[in-house]
Amino acid sequence: MVVNMSSRTGTIDCRAVSKVFDHRTVVDDVSFHVPAGTITGFVGANGAGKTTTMRMLLGLVAPSAGTAWVNGRPYRDLKQPRREVGAVVDGPGAHPGHSARTHLMIMATSAGLPRRRVDEVLDLVELTEHAHRRVDGFSMGMLQRLALAGALLGDPGILILDEPVNGLDPPGILWVRDLLRRLAKEGRALLVSSHLLSELAEVAHRVVIIDRGRLVADTTLDDLLADKSHVVELRCADPASLLQALRARKINVTVEGDALMIEGMSAREAGETAAAVGAGPVYWLTERASSFEDVYFRLAGSMTRESPARTDPVVAS
Amino acid sequence: MSDLLRAELSKVRATPVTWWLLLSTAAIGILGTLAPLIAVDGKPVDLLSDHQIRAALHGAAGGAVLVLVAGIIGMAGEWRFGQVSQAFLSSPRRWRVVTVKTVIYLGVGTVYGVAAAAAATATAWGWYRAKDLTLPFDRSAVWLTLVGCVAVAALFGVLGVAVGAVVRRPVPAIVGALAWTVLVEPALFAAAPKVFRWLPGIASLSLRRQPAEHLLPAGAAATVLLVVVAVALVAGLRLVDRDDVTG
């Protein structure tokens, strides 16, 4: 595979950006910066405002307040947008009756890009042998590769990718991971959203977390993980009474199924507290280093873990 | 802009429904020509009268409603498969996308109209020949009818783009446009012809030289159609430019 990619750079900036749909605030005063040469993971539950923020950066949704800029300008002011910004939003956006090659050829023509780029990106995403197949026969993984091919068509310095690994099989996820790292090494700025937190932890240099439209963290992954060192997982006969006791002591605790995830105390302290409040026999007690997911759930809350109290945004340079 | 035009043309050519609608438009042109000829077959009617020539050839525009559908699919269809995001990512100034589609579907309508007119002419020529008559191509009744049919098809192509830009959901847009054109307008015209002859679909009957009473003069009908198309296009342009693309 011979792909000649130029080393381009770019930056992404959201400043106090908000979006209100029908009196409902979807994004609320969010600010963050994605520097060149980095991968920034964009994390939030479904409906948190990730996609809307990305669409504001791409000029598809108009901000109600604030600015969402790429390379220091609104997307609409870019002279050759495909050469500056590549995006995956809502799949490849291909007509189901078109072939992959036709779809990319139409994109390349509309953006004034050379036709050779179509073959190059097809090669890059390993779809060359399927280039003449109709898109409606593509698997989810192939559609994601096609969407990535479209994003890379203009060899842009900025990539805004909404759930790029969605639907990919494990080898496909590995492939995307390597591709993202390579693109960042070339100096490009990448903003990548994903609900696969472990996947983002593998590739992201920085993390932006939003919850219900509000920014809760904008920091490096290292700083985020250094913030809390351990989490205790505890299962007992009466988790409700233990939860109440821990919350009364201002201990940070989240519920995952029948387990309590406790931060800020040791396993011994947690076990003693369970015994003291009469939470019954303890079935499971273990202590481990905090993962990205633990920190995420602590900061953002979620639909799957019980939401903790809201905290101030964690912002680091 | 030329890049966008070439891309849109490629898109139209690569989309199978374009060709199916073209075939259907030509087929309707043939049926629309045959039907009035069969209706008067064996009756003491002068096939060479202007009235009979217009009655036969105006059927070339019978498929204009499919050009309307093609225009709607071309514009509103962008929202169906997420193509619109890609279109606006390539051309963030959205008016350019709508303008390019207007130009392309003006051309598509013209091509459809020419194809239907050619099919209708060939059908009428064959019928007349079978009756030992010659279709008088030098008569204005022939070429004004055919030119009118092509003009109606071209304008309906643009009207389809405008309707698609306003509604942006292909199925409701197509169902609504068909119901309005095929059912509502003819019913209203039948109820009060002098009032409802100003409706765009009824005006198009005059432009295609359909022999019927109470229709507007061709010039006024063309003006009505042009104004309706222009107003719908401006409304569509403003809505497309203003509204968020959320998925």
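## Reading a predicted two-chain model

Tutor: Let us start with overall dimensions: for the 247 residues of chain B, a compact globule would have a radius of gyration near 18 Å, and chain B has 19 Å, which agrees. Please keep in mind throughout that this is a predicted model.

Student: Over what distances does the C-alpha trace of chain B extend along its principal axes, and what percentage of its residues count as buried?

Tutor: The C-alpha trace of chain B spans about 65 × 40 × 25 Å along those axes, and 49% of the 247 residues count as buried. Of the contacts in chain B between residues at least 6 apart in sequence, 81% join residues that are at least 24 apart.

Student: How many helices and how many strands does chain B have?

Tutor: Chain B has 11 helices and zero strands, and its pattern along the sequence is therefore written with α alone, as α-α-α-α-α-α-α-α-α-α-α.

Student: How should I read the way two of these helices pack, say α2 and α3 of chain B, and at what angle do their axes cross?

Tutor: One looks at the approach of the axes, then at the crossing angle, and then at the residues in contact. The axes of helix α2 (residues 16-39) and helix α3 (residues 50-57) of chain B come within 7 Å and cross at roughly 140°, which makes α2(B) oblique to α3(B). On the α2(B) side the contact is made by B:Thr33, B:Pro36 and B:Leu37, and on the α3(B) side by B:Ala55, B:Ala56 and B:Leu57. By class, these comprise five nonpolar residues, one polar residue and no charged residues.

Student: Turning to chain A, what holds the strands of a sheet together, and in what order do the strands of the three-stranded sheet come?

Tutor: In general, strands of a sheet pair through backbone hydrogen bonds, either parallel or antiparallel. In chain A, the open sheet of three strands has the order β2-β1-β4, with antiparallel pairing. Strands β2 (24-34) and β4 (65-70) of chain A stand at the edges with a single partner strand each, so one side of each is left without a neighbour in the sheet. Neighbouring strands here are turned by 25° against each other on average, direction ignored. Strand β1 (residues 12-21) of chain A is joined to β4(A) by five bridges, and A:Ser18 stands opposite A:Ala65 in β4(A). Helix α1 (residues 50-57) of chain A lies across β1, β2 and β4 of chain A, and runs at about 115° to β1(A).

Student: What is the strand order in the open sheet of four strands in chain A, and which helix packs on that sheet?

Tutor: The order is β11-β12-β10-β13 in chain A, again with antiparallel pairing, and the edge strands, β11 (252-256) and β13 (282-289) of chain A, each pair on one side only. The average turn between neighbouring strands of this sheet is 20°, direction ignored. Helix α10 (residues 267-276) of chain A packs on the sheet, where it touches β10, β12 and β13 of chain A, and its direction makes about 155° with that of β13(A).

Student: Why is strand β6 of chain A said to be largely enclosed by the rest of the structure?

Tutor: Five of the five residues of β6 (residues 158-162) of chain A are buried, so the strand is largely enclosed. A:Ile158, A:Ile160 and A:Asp162 are buried on one side, and A:Leu159 and A:Leu161 on the other, so that both faces of β6(A) are covered. Its pairing is parallel: four bridges join strand β5 (residues 85-88) of chain A to β6(A), and five join β6(A) to β7(A). A:Val88 stands opposite A:Leu161, while A:Ile160 stands opposite A:Leu191 in β7(A).

Student: A:Val192 lies in β7 of chain A; is A:Val192 buried or exposed?

Tutor: A:Val192 counts as buried because it has 26 C-beta neighbours inside 10 Å. Leaving aside residues up to four places away in sequence, A:Val192 touches A:Ile39, A:Gly41, A:Phe42, A:Leu161, A:Pro164, A:Leu180 and A:Leu200.

Student: Finally, how many residues does each chain give to the contact between chains A and B?

Tutor: Chain A gives 30 residues and chain B gives 24. The largest share of the chain A side, six residues, comes from α3(A), and by class that side has 15 nonpolar, 11 polar and four charged residues.

Notes
Residues are numbered from 1 along each chain as its sequence is written. Chains are lettered from A and ligands numbered from 1 in the order in which they are written. This is a predicted model: local features need pLDDT of at least 70, side-chain atom pairs count only at pLDDT 80 or more; totals for chains, interfaces and linings use all residues. Helices (H or I, at least four residues) and strands (E, at least two) are DSSP runs, numbered from the N terminus. The radius of gyration is taken over C-alpha atoms; the globule rule is 2.2 Å times the number of residues to the power 0.38. A residue is buried if 20 or more other C-beta atoms lie within 10 Å of its own, exposed if 12 or fewer, and partly exposed in between; C-beta atoms are placed from the backbone. Two residues are in contact if their C-beta atoms, placed from the backbone, lie within 7 Å. Two strands pair if DSSP finds at least two bridges between them. Axes are lines fitted to C-alpha atoms, for helices over the stretch in contact, and angles run from 0 to 180 degrees between N-to-C directions. Angles under 35 degrees count as roughly parallel, over 145 as roughly antiparallel, 65 to 115 as roughly perpendicular and the rest as oblique. Ala, Val, Leu, Ile, Met, Phe, Trp, Tyr, Cys and Pro count as nonpolar, Asp, Glu, Lys and Arg as charged, and the others, Gly among them, as polar.
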